[in-house]
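I opened a fresh notebook page for this structure. I wanted to look things up one at a time and write down what I found.

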Amino acid sequence: MSITALEHEIRERYGRAAWTHKTHEKAADRYECWHVRLTWGKIILSALAASSSTWAVFLNGKAGVLTSIISILLLLINIIFENRNYETLSNDHRQAAAKMLGVREDWLSLISKLHMPNPDLMQIDKEKEVILARLKKITPTLPRT
């Protein structure tokens with residue numbers, strides 16, 4: 001195996017690992033953003049529902065329509081929370097990104113070893129196979145992006 005062919009293969013795999021790592025980080029950020037927004041929406045709508053129902057008592061039921069609308073919106077947010085746990089999804093993608101960061105760094109280390117004086121290509125090839133085996137174990141556990 002020539003150094004050029006080995007380097008091209010390792011660089012390609014490094015690029016894929018870097019891409020996968022970044023994709024999972026972005027997915028985690030998106031899910032975290034949704035979680036924060038929905039949580040704040042839930043808090044705000046709960047406060048509005050409580051205050052509008054209090055006003056309904058003092059205004060002889062005239063605020064009942066507003067209370068009903070707010071309650072329906074709150075119900076929708078609760079249904080979204082029940083069906084998709086954005087916090088868990090965010091954490092899953094953060095863990096996946098951390099796993100892929102380790103693989104990415106291993107590929108980068110192999111690229112560095114290739115540029116040392118008199119690199120041991122057989123040893124580098126063995127290390128490449130170890131990383132590939134680890135990657136094959138990690139990949140099925142990663143959440144979909």
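These entries go through a helix, its surface, the salt bridges and a loop residue.

**Entry 1. What I am looking at.** I note first that this is a predicted model. I number residues from 1 along the chain.

**Entry 2. Helix H2, its length.** I looked up the span of H2, which covers residues 64–83. How far apart should the ends of its 20 residues be? At 1.5 Å a residue, the expected span is 28 Å. I then checked the end C-alpha atoms, and they are 28 Å apart, so the two values agree.

**Entry 3. Helix H2, its buried side.** Which residues of H2 are buried? I listed Thr67, Ile70, Leu74, Ile77 and Phe81. They cover an arc of only 90° around the axis, which puts them on the same side of H2. I recalled the general rule here. An α-helix has 3.6 residues a turn, so residues three or four places apart point the same way.

**Entry 4. Helix H2, the other face.** I turned to the face of H2 that points away from the buried side. Val65, Glu82 and Asn83 are the exposed residues there.

**Entry 5. A nonpolar patch.** I looked for nonpolar side chains at the surface and found a patch. Its members are Val65, Ile69, Ile72, Leu73, Leu75, Leu76 and Ile79. Together they have about 640 Å² of accessible area. Val65 thus turns up in my notes again: it is in this patch, and it is on the exposed face of H2.

**Entry 6. Leu76.** I picked one patch member, Leu76, for a separate check. Leu76 sits in helix H2. Is Leu76 buried or exposed? It is neither in full: at a relative accessible area of 45%, Leu76 is partly exposed. The cut-off for exposed is over 50%, so Leu76 does not reach it. I also took a distance from Leu76 to Ser90. They are 14 residues apart in sequence and 21 Å apart in space, C-alpha to C-alpha.

**Entry 7. Salt bridges, the count.** How many salt bridges are there? I get eleven. I followed up some of them below.

**Entry 8. Arg11 and Glu7.** Arg11 forms a salt bridge with Glu7, and the closest N and O atoms are 3.0 Å apart. Both residues lie in helix H1, which runs over residues 3–58. They are four residues apart, so about one helical turn separates them. Arg11 is partly exposed at 42% relative accessibility. Glu7 is buried, with a value of 16%. Glu7 has another partner on my list. Its side chain makes a polar contact of 2.7 Å with that of His115.

**Entry 9. Arg94 and Asp29.** Next I looked at a bridge between two helices. Arg94 and Asp29 form a salt bridge, with the closest N and O atoms 2.7 Å apart. Arg94 lies in helix H3 (residues 86–114) and Asp29 in helix H1, so the pair ties together parts that are 65 residues apart in sequence. Arg94 is partly exposed at 33% relative accessibility. Asp29 is partly exposed too, at 39%.

**Entry 10. Arg134 and Asp106.** The side chains of Arg134 and Asp106 meet in a salt bridge of 2.4 Å, N to O. Arg134 is in helix H4 (residues 121–138) and Asp106 is in helix H3, so this pair links parts 28 residues apart in sequence. I read 33% relative accessibility for Arg134, which counts as partly exposed. Asp106 also counts as partly exposed, at 25%.

**Entry 11. A network.** Which residues are linked in a network of salt bridges? I wrote down Glu9, Arg13, Asp125, Lys128 and Glu129. I then looked closer at Lys128, which has its place in helix H4. Lys128 is buried, with a relative accessible area of 4%. The side chains of Lys128 and Asp125 are joined by a polar contact of 3.1 Å.

**Entry 12. Asn118.** My last stop was the loop between H3 and H4, where Asn118 is placed. Its phi is near 50°, a positive value in a residue other than glycine. Is Asn118 buried or exposed? At 77% relative accessibility, Asn118 counts as exposed.

Terms used. This is a predicted model: local features need pLDDT of at least 70, side-chain atom pairs count only at pLDDT 80 or more; totals for chains, interfaces and linings use all residues. Side-chain values use heavy atoms; hydrogens and water are left out. The expected span of a helix is 1.5 Å times one less than its number of residues. Buried means under 20% relative accessible area, exposed over 50%, partly exposed in between (1.4 Å probe, protein chains only). The arc is that of the directions from the helix axis to the C-beta atoms. Patches are made of residues with over 30% relative accessible area and no salt bridge: like charges are joined within 9 Å, nonpolar side chains (Val, Leu, Ile, Met, Phe, Trp, Tyr) within 5 Å. Accessible areas come from the Shrake-Rupley method with a 1.4 Å probe; for residues, only the protein chains shown count as cover. A salt bridge is a side-chain nitrogen of Lys or Arg within 4 Å of a carboxyl oxygen of Asp or Glu. A polar contact is a pair of N or O atoms within 3.5 Å; within protein, one must be able to donate a hydrogen and the other to accept it, and residues adjacent in sequence count only if both atoms are side-chain atoms.
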